[in-house]
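Here is a short tour of a protein chain, written for someone who would rather be at the bench. Have the sequence and the 3D view open, and we will walk through them together.

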Amino acid sequence: SVCMTEKIEFACSAWVEKARQVLEELVAEQGEEGRTFSICERFTDAPITVAASSTAAWHFYIDGLQVRVGEGEVDDTDVKVSADYTETLPNARLVYTPEILAERARQPPGETSVVVEGDMSIMPQYLIEMHNRMAVLTA
């Protein structure tokens, strides 16, 4: 029989904890000394099971081979992303293939609730791998 991995509700505490484990592994393997990146993601109208306040948020700070992950909103990150929870879900579950990434580069998604502040171009490439590892676990 195939062992099914338990899926985790997007952006809940257990999801953030799993993301921390994945990030720690990737940063240890692929991080570069002296290279930093930080982001805070905020999702509005989240289900009560995810966030009592209806806003789910998490953040992380990468510094070389170290990463610090936390729940909640912070103000001092390189990038801030704000989006509607329900609208974000299909994306959170989508594994980014090279084809999908190329398509998005050519044809960005149309009308969307996503607001990005800051410079996404400084994001380390291995964060795509983190996204993909989390996508398959995201309920």
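## The largest pocket

Let's begin with the open space in this predicted model. The largest pocket has a volume of about 1,000 Å³. Its lining is made up of 32 residues. If you want to find the middle of the pocket on your screen, look for Glu41, Asn91, Tyr96, Arg104 and Met120, which lie nearest its centre.

Which elements build the wall? At least two lining residues each come from S1, S2, S4, H2, helix H3 (98-106) and H4. Among these, H4 gives the most, with 6 residues. As for chemistry, the lining of this pocket breaks down into 24 nonpolar, 5 polar and 3 charged residues.

## The chain as a whole

Now step back and look at the overall layout. The chain has 4 helices and 5 strands. Going along the sequence, you meet them in the pattern α-β-β-β-β-α-α-β-α.

How does the chain's radius of gyration fit with that of a compact globule? A compact globule of 139 residues would have a value near 14 Å, and the chain has 15 Å, so the two agree. The C-alpha atoms fill a box of roughly 40 × 40 × 35 Å along the principal axes. Of the 139 residues, 40% are buried. Contacts also reach across the sequence: among those between residues at least 6 apart, 76% join residues at least 24 apart.

## The nonpolar core

The largest nonpolar core holds 36 residues. Which of its members touch the most other members? They are Trp15, Leu23, Trp58, Phe60 and Leu127. Two or more core residues come from each of helix H1 (13-30), strand S1 (36-44), strand S2 (56-63), strand S3 (66-71), strand S4 (79-84), helix H2 (85-92) and helix H4 (126-135). The largest share, 7 residues, comes from H1.

Leu23 makes a good starting point if you would like to explore the core by clicking around. Setting aside residues up to four places away in sequence, Leu23 touches Trp58, Phe60, Ile62, Val67, Val69, Leu127 and Met130. Three of the names from the list above turn up again here, namely Trp58, Phe60 and Leu127.

## One enclosed cavity

Besides the open pocket, the model has 1 cavity of 30 Å³ or more. The volume of this cavity is about 40 Å³.

Which residues line the cavity? You will find Gly31, Glu32, Arg35, Ile62, Gly64, Pro124 and Tyr126 around it. By class, that lining comes to 3 nonpolar, 2 polar and 2 charged residues. Ile62 may look familiar, as it is also one of the residues that Leu23 touches.

## Two buried residues worth a click

Val74 sits in the loop between S3 and S4. Is Val74 buried or exposed? Its relative accessibility is 18%, so Val74 counts as buried, the cut-off being under 20%. Leaving out residues up to four places away in sequence, Val74 touches Cys40, His59, Tyr61 and Lys80. Between the C-alpha atoms of Val74 and His59 there are 7.2 Å, although 15 residues separate the two along the chain.

Asn132 is found in helix H4. Asn132 has a relative accessible area of 14% and is therefore buried. Apart from neighbours within four places in sequence, Asn132 is in contact with Leu94, Val95 and Tyr96. Tyr96 links back to the start of our tour, being one of the residues nearest the centre of the largest pocket.

## Two positive phi angles in one loop

A little background helps here: most residues other than glycine have a negative phi. Asp45 is not a glycine, yet its phi is positive, at about 55 degrees. Asp45 is in the loop between S1 and S2. With 54% relative accessibility, Asp45 counts as exposed, since the cut-off is over 50%.

Ser54 is found in the loop between S1 and S2 too. Its phi is also positive, near 75 degrees, and Ser54 is a residue other than glycine. Is Ser54 buried or exposed? The value here falls in between: at 30% relative accessibility, Ser54 counts as partly exposed.

Terms used
Residues are numbered from 1 along each chain as its sequence is written. This is a predicted model: local features need pLDDT of at least 70, side-chain atom pairs count only at pLDDT 80 or more; totals for chains, interfaces and linings use all residues. Side-chain values use heavy atoms; hydrogens and water are left out. A nonpolar core is a set of buried Ala, Val, Leu, Ile, Met, Phe, Trp, Tyr and Cys residues joined through side-chain atoms within 4.5 Å. Buried means under 20% relative accessible area, exposed over 50%, partly exposed in between (1.4 Å probe, protein chains only). Contact means heavy atoms within 4.5 Å. On a 1 Å grid over the protein atoms alone, a cavity is a set of points where a 1.4 Å probe fits but cannot get out, and a pocket is an open set with protein on both sides within 12 Å along at least five of seven lines; lining residues have an atom within 4 Å of a point. Grid points are joined across faces, edges and corners, and a volume is the space filled by probe spheres set on the points. Ala, Val, Leu, Ile, Met, Phe, Trp, Tyr, Cys and Pro count as nonpolar, Asp, Glu, Lys and Arg as charged, and the others, Gly among them, as polar. The radius of gyration is taken over C-alpha atoms; the globule rule is 2.2 Å times the number of residues to the power 0.38.
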